Amino acid sequence: MWQPLRKFLAPGPELLSFGLQMLRFIGLWGDRRQVVRYLLVLFSEFIFLIGPKALLGSDKEGFDSTARNIGELIFLVEVCISIGIFASRRASFERLIVVLENILRRKWPRNLQDEIYRFHRRMEFFARAYALYIGFLLFLYNCVPIGSTIVKLIRFDESERSDFMLVVELQFFWFDIRRNVVHYAIYMAFCFVAVSCSAYQSTLKGSVIVVVTQYGSKLFELISKRIDAMRSIERAADRDRELREIVKLHGMALEYVQHLESTISFVMINQIMNCIFIWCLMMFYVSTNFGPNAANVMLLFLVLMGEMVVYCLNGTALSEQAAGVGHAIYNYPWYKESVAMQKNMQLMIQRAQRPTGITAAKFYFVNIERLGLVTQASYSYYLILKNRF
């Protein structure tokens, strides 16, 4: 592994160090006056990508071209809306970070301290690896059209040359980006800036939203392990003290999930609703235009599919780990403890019986079952489009 890459993947010493660095760079963490950076990102996307696509279209006939144009437009808008919702819930996210820091700063058994440290390093590695993954897809997303265009310029005369391959299908103002080399170069320069801004926001979704969701699952897992470890504590007074600490931790973990839900629940409903439309439109385009022109569409499909799978897997893990606290209490020999301890355990069981997880704007939980329903709905709409057009 190259030394620069190894250095980049090395975990930072602070909690969510990479994700918070990315947020700070874009103006969504730290000094609130720096939010102008985020507004500049949105401005570049709307001026160079979203605006031309929405107002001028793709300048190509056929429903397949229209399907691609609409699918790409929804994808670009979805990313902006998701991070825009996250930015509007910044206060909830800041409280979430405070609660997480307070939980991890409490006194933990030595073996769990080591586990927390390893988990922190794993999450930091995941955040950096996800950024590299998006960066690699961004590289392919831009290089495939450029490479195809260069081959056409070298191998064919202007009279024999087909249209240049575009990064994003659109009519770029008054430029002839399909035949004129200079216009194409200008389009690619501005398009690269706008697409990079969109990729940066997609990276935030994985390096921040996914990571804080995984921390929620880990908190409940650690609490379950502390409950199981109570069996090895001999003195009743020590067990009572440990249980009181566990009850406090459980309450703080539930507060963490409340802030997490407040921060990302509307991000989830936006993601799910748009995924259905984007997937069916992209599947239709790829099925009717399989070839070099479909490469970039498939890359966008891969990004969106990866996000949905990760969201749903982590949503399922969070719900299971939260319910696991109740199972750990139930399997503990609580009947041998004092009445006061039994009441504390009953309180935790009652808390754990309430469904806990990530919801899509309170309508339904985000989990593996929801992923299956979204996939099924997208494929059904794709079949309707295919039969109709």
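User: Happy to look at this one with you. What makes residues 181-200 helix rather than strand?

Analyst: Good place to start! In this predicted model, the chain over residues 181-200 is 100% helix and 0% strand. The C-alpha atoms at the two ends of residues 181-200 lie 28 Å apart. UniProt, in an unreviewed entry, lists residues 181-200 as one of its "transmembrane region" features. Another on that list is 294-313, where the chain is 95% helix and 0% strand, with its end C-alpha atoms 28 Å apart.

User: Why is Cys 191 called buried?

Analyst: The cut-off for buried is under 20% relative accessible area. Cys 191 has 1% relative accessibility, so Cys 191 counts as buried. Cys 197 has a relative accessible area of 14%, so this cysteine is buried as well.

User: How many disulfides does the structure hold, and why is the sulfur of Cys 191 not in a bond with Cys 197?

Analyst: The structure holds 0 disulfides. As a reminder, a disulfide is a covalent bond between the sulfur atoms of two cysteines. To be counted here, the two sulfur atoms must be within 2.5 Å. For Cys 191, the closest cysteine sulfur is in Cys 197, 11 Å away, and therefore too far for a bond. The sulfur of Cys 197 has its closest cysteine sulfur in Cys 80, at 9.0 Å, so that pair is too far for a bond too.

User: What is Val 168 in contact with?

Analyst: Beyond its neighbours within four places in sequence, Val 168 is in contact with Leu 49, Lys 53, Glu 72, Tyr 141, Tyr 187, Cys 191 and Val 195. Val 168 is also among the residues that touch the most other members of the largest nonpolar core, which has 124 residues. Helix H8 (residues 236-288) gives the largest share of this core, 25 residues.

User: How do you know that the span of helix H3 agrees with its 22 residues?

Analyst: At 1.5 Å a residue, H3 (residues 35-56) should span 32 Å; its end C-alpha atoms are 30 Å apart, so the two agree. H3 does bend, by about 50 degrees at Phe 46. Just after H3 comes Gly 57, with a positive phi near 75 degrees.

User: Which residues of H3 are buried, and what do they pack against?

Analyst: The buried residues of H3 include Tyr 38, Glu 45, Phe 48, Leu 49, Pro 52 and Lys 53. The buried residues of H3 pack against helix H2 (17-26), helix H4 (63-88) and helix H7 (181-229). Leu 49 and Lys 53 are familiar from above, as contacts of Val 168.

Note on methods. Residues are numbered from 1 along each chain as its sequence is written. This is a predicted model: local features need pLDDT of at least 70, side-chain atom pairs count only at pLDDT 80 or more; totals for chains, interfaces and linings use all residues. Side-chain values use heavy atoms; hydrogens and water are left out. A nonpolar core is a set of buried Ala, Val, Leu, Ile, Met, Phe, Trp, Tyr and Cys residues joined through side-chain atoms within 4.5 Å. Buried means under 20% relative accessible area, exposed over 50%, partly exposed in between (1.4 Å probe, protein chains only). Helices (H or I, at least four residues) and strands (E, at least two) are DSSP runs, numbered from the N terminus. Contact means heavy atoms within 4.5 Å. UniProt positions are given in the numbering used here, feature names are shortened, and annotations may be inferred rather than shown by experiment. The expected span of a helix is 1.5 Å times one less than its number of residues. The bend at a residue is the angle between axes fitted to the seven residues ending there and the seven starting there.
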